[in-house]
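Here are three short exercises to work through with the structure open beside you. Try each task before reading its solution.

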Amino acid sequence: MQAKNQKIVVLGTGGTIAGESKSANEGLTYKAAQRGISEILRSASDLNSQWPTFLDDFQLESEQVAQLDSKDMDFGTWIHLAKRCEHWLDMVDVSAVVITHGTDTLEETAFFLSQVMTSNKPIVLTCAMRPANFKDADGPRNLRAALCVAATTKGRGTWLVAAGEIHHSQYVQKVHPTRLNAFDSGEIGMAGRIANDQVQWHETFVPPAFTHSMAVSQLPDAASWPWVEIVMNHVNALPLHIDALVQAGVKGLVVAGTGNGSIHTKMKESLFRAQQSHVEIRVSTRCNQGSVIPNERHEFETAGGLSPVKTRVALLLDIMSQHQSH
Ligand code: SIN
């Protein structure tokens, strides 16, 4: 047999893809993050058909980086995950990294990695909406699809593969709490599809320009990351919680504004007070499609097309890199 001289490394972090429920008929009440990554990888290769030949050329290696329900994802795990991605991607015989992750905060982890990794090799995240022992679990199919994308994709990029869809980390959001195809890339649309192990990139999809916020080696310890919160504009929005956050030491505020980033007059007054106390403010929109188009009526910096949770990641990294350059 010919030696396989290229590797794809699969990093496990937990999630429903590693989850177990009491019975194979129970898909909603289960415990996430129960199965190890080697068992998950085995179930993807146990699917009734053989690996496609292009995947057969790769040696698959796995590492358990974390084991958690992604609602509990934290900065310490992010730093560890970014370091493990960097470690593997720096190796000449590693072509790509695949990460299994919970769906709930996947878009935040994917965006974070896209901002700190400098490797020219792809990172492909995947997940599941049904636990691993469910009668029709989607995890094995999703992992197989993620491996196919990882094996055939060249160049930089952080992607999500699930339910036969390929999404870019910049645009993807979880948009449904239970549906199998729970992710969407809004007006930009998905980057491609995968069916029967065949990857099809959409010709009309143009990846966003590469932005790099901070090197992995420069990320401070989790305990030193700044405190950044998201506040939402809504009917009768009050200034009280913003004043309380500033009093308590918040360093950054992301406003999930209404429409094109509009903010209640009373809330805006407290945001000006926050700004005077050197709290960084960014305005995004609570609309789940489109992006805030800046105009002269915006009194705070706008977030472009990033959702509120991704704006928070960008602001965290901005504040940390400003501190390092002083
Ligand atoms: C999680 O995010 O870890 C649990 C939910 C899921 O993966 O669908």
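**Exercise 1.** In this predicted model, find the residues around the ligand, then look for polar contacts to the ligand's oxygen atoms.

*Solution.* Step 1: list the surroundings. The residues around the ligand are Gly15, Thr16, Tyr30, Asp69, Ser70, Gly102, Thr103, Asp104 and Ala128.

Step 2: look for N or O pairs within 3.5 Å. The side chain of Thr103 places an N or O atom 2.5 Å from a ligand oxygen. Asp104 has a backbone N or O atom 3.0 Å from an oxygen atom of the ligand, and a polar backbone atom of Ala128 is 3.4 Å from a ligand oxygen.

Step 3: check the cover. On its own the ligand has 250 Å² of accessible area, and the protein covers 95% of it.

**Exercise 2.** How many residues of helix H4 are buried?

*Solution.* Step 1: locate the helix, which spans residues 106-116. Step 2: count. The tally is 11 of its 11 residues; among them are Glu107, Glu108, Phe111 and Phe112.

**Exercise 3.** Which side chain of opposite charge is nearest to Lys310?

*Solution.* Step 1: find Lys310 in helix H8, residues 308-325.

Step 2: look for the partner. The nearest side chain of opposite charge is Glu107, 5.6 Å away. A salt bridge needs the charged atoms within 4 Å, and the buried Lys310 has none.

Step 3: see what else surrounds the lysine. A polar atom of the Lys310 side chain lies 3.2 Å from the backbone oxygen of Gln170. Lys310 also touches residues including Phe111, Ser169, Tyr171 and Val172.

How values were computed. Residues numbered from 1 in each chain as written. Predicted model: local features only at pLDDT ≥ 70, side-chain atom pairs only at ≥ 80, totals over all residues. Heavy atoms only, no water. Helix = DSSP H or I, 4+ residues; strand = E, 2+ residues; numbered from the N terminus. Buried < 20%, exposed > 50% of the residue type's maximum accessible area, 1.4 Å probe, protein only. Lys, Arg positive; Asp, Glu negative; His and termini not counted. Polar contact = N/O pair within 3.5 Å; in protein donor to acceptor, adjacent residues only side chain to side chain. Contact = heavy atoms within 4.5 Å. Near = heavy atom within 4 Å. Areas by Shrake-Rupley, 256 points an atom, 1.4 Å probe, with all protein chains shown as cover. Lists of a residue's contacts leave out its neighbours within four places in sequence.
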